[in-house]
Amino acid sequence: MNLNQRIQCALDLRKQGYNCAQCVAMVFDDVTDTDADLLARFTAGLGTGVGGLREICGAVSAMAIVDSLTGYKTPVDKPALYYMVSNDGEEFRRINGSLVCRELKQPGGKPCTDLIADAVTILYKRLLAHAE
């Protein structure tokens, strides 16, 4: 799938009732070599900023999960993984001004669908853009 197809798939999942974290993670099932249903279960509790607490955005949490599934095999991989996760998070913060759900959802903020699209785009550009 190209970027636009992944974004559209993520937005279709949102319409079906999946949370932001699920939408982001599930569209990378092919890249993570993880079943989409299992990804949905892994990320079910991360919506609305982790279980509705409105802390770290679920889309950001899902990026960290995709990063972990693609960049971690043993503890020696942690420094490189943390670098990847922090870069993805900083890119999301640069685009949106925050990583925190309650701050992102202030009046005038982007809708969750746009935040999902941003997270999918960040992951896609790093993981797959070179393949096009």
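This report walks through two helix pairs, a few buried side chains and two loop residues in a predicted model.

## Ground rules

The model is predicted, so local features need pLDDT of at least 70 and side-chain atom pairs count only at pLDDT 80 or more, while totals for chains, interfaces and linings use all residues. Residues are numbered from 1 along each chain as its sequence is written, and side-chain values use heavy atoms, with hydrogens and water left out.

Helix labels here come from DSSP runs numbered from the N terminus (helices are H or I, at least four residues; strands are E, at least two).

## α5 against α6

Two packed helices are described by the angle between their axes and the distance between the axes. For helix α5 (residues 58-71) and helix α6 (residues 78-96), the angle is about 150 degrees and the axes are 9 Å apart. The axes are lines fitted to C-alpha atoms, for helices over the stretch in contact, and angles run from 0 to 180 degrees between N-to-C directions. So α5 and α6 are roughly antiparallel to each other; the cut-offs are under 35 degrees for roughly parallel, over 145 for roughly antiparallel, 65 to 115 for roughly perpendicular, and oblique for the rest.

The crossing of α5 and α6 is right-handed (the near helix is turned clockwise from the far one by less than a right angle; anticlockwise would be left-handed). On the α5 side, the contact is made by Val60, Met63, Ala64, Asp67, Ser68 and Gly71, and α6 brings Leu81, Met84, Val85, Asp88, Gly89 and Phe92. Contact means heavy atoms within 4.5 Å. By residue class, the contact of α5 with α6 splits into 7 nonpolar, 3 polar and 2 charged (Ala, Val, Leu, Ile, Met, Phe, Trp, Tyr, Cys and Pro count as nonpolar, Asp, Glu, Lys and Arg as charged, and the others, Gly among them, as polar).

## α1 against α8

Helix α1 (residues 3-15) packs with helix α8 (residues 112-127) at an angle of about 145 degrees, with the axes 9 Å apart. The α1/α8 crossing is right-handed. From α1, Leu3, Arg6, Ile7, Ala10, Leu11 and Arg14 meet Cys112, Thr113, Ile116, Ala117, Val120, Thr121 and Tyr124 of α8. That contact divides into 9 nonpolar, 2 polar and 2 charged residues.

Leucine 3 belongs to this contact, and at 19% relative accessibility leucine 3 counts as buried (buried is under 20% relative accessible area, exposed over 50%, partly exposed in between, with a 1.4 Å probe and protein chains only). The C-alpha atoms of leucine 3 and leucine 38 are 22 Å apart, with their positions 35 residues apart along the chain.

## Threonine 43 and asparagine 19

Threonine 43 sits in helix α4 (residues 36-43) and is buried, with a relative accessible area of 0%. A polar atom of the threonine 43 side chain lies 2.7 Å from the backbone oxygen of leucine 39. Beyond neighbours within four places in sequence, threonine 43 touches Asn19, Ala21, Gln22, Ala25 and Ile65.

Asparagine 19 is in the loop between α1 and α2 (20-26), and it too has a low number: at 13% relative accessibility, asparagine 19 counts as buried. Its side chain has a polar atom 2.9 Å from the backbone oxygen of alanine 44, and one 3.4 Å from the backbone oxygen of threonine 43. Again leaving aside neighbours within four places, asparagine 19 is in contact with Arg14, Thr43, Ala44, Leu46 and Gly47. The C-alpha atoms of asparagine 19 and threonine 48 are separated by 7.6 Å, at 29 residues apart along the chain.

## Serine 98

Serine 98 lies in the loop between α6 and α7 (101-104) and counts as buried at 5% relative accessibility. The side chain of serine 98 makes a polar contact with the side chain of glutamate 103 at 2.5 Å (a pair of N or O atoms within 3.5 Å; within protein, one must be able to donate a hydrogen and the other to accept it, and residues adjacent in sequence count only if both atoms are side-chain atoms). A polar atom of the serine 98 side chain also lies 2.9 Å from the backbone nitrogen of valine 100.

## Two positive phi angles

Most residues other than glycine have a negative phi. Aspartate 33, not a glycine, has a positive phi of about 55 degrees; aspartate 33 is in the loop between α3 (29-32) and α4 and counts as exposed at 73% relative accessibility. Valine 50, also not a glycine, has a positive phi of about 70 degrees. Valine 50 is in the loop between α4 and α5 and is partly exposed, at 33%.
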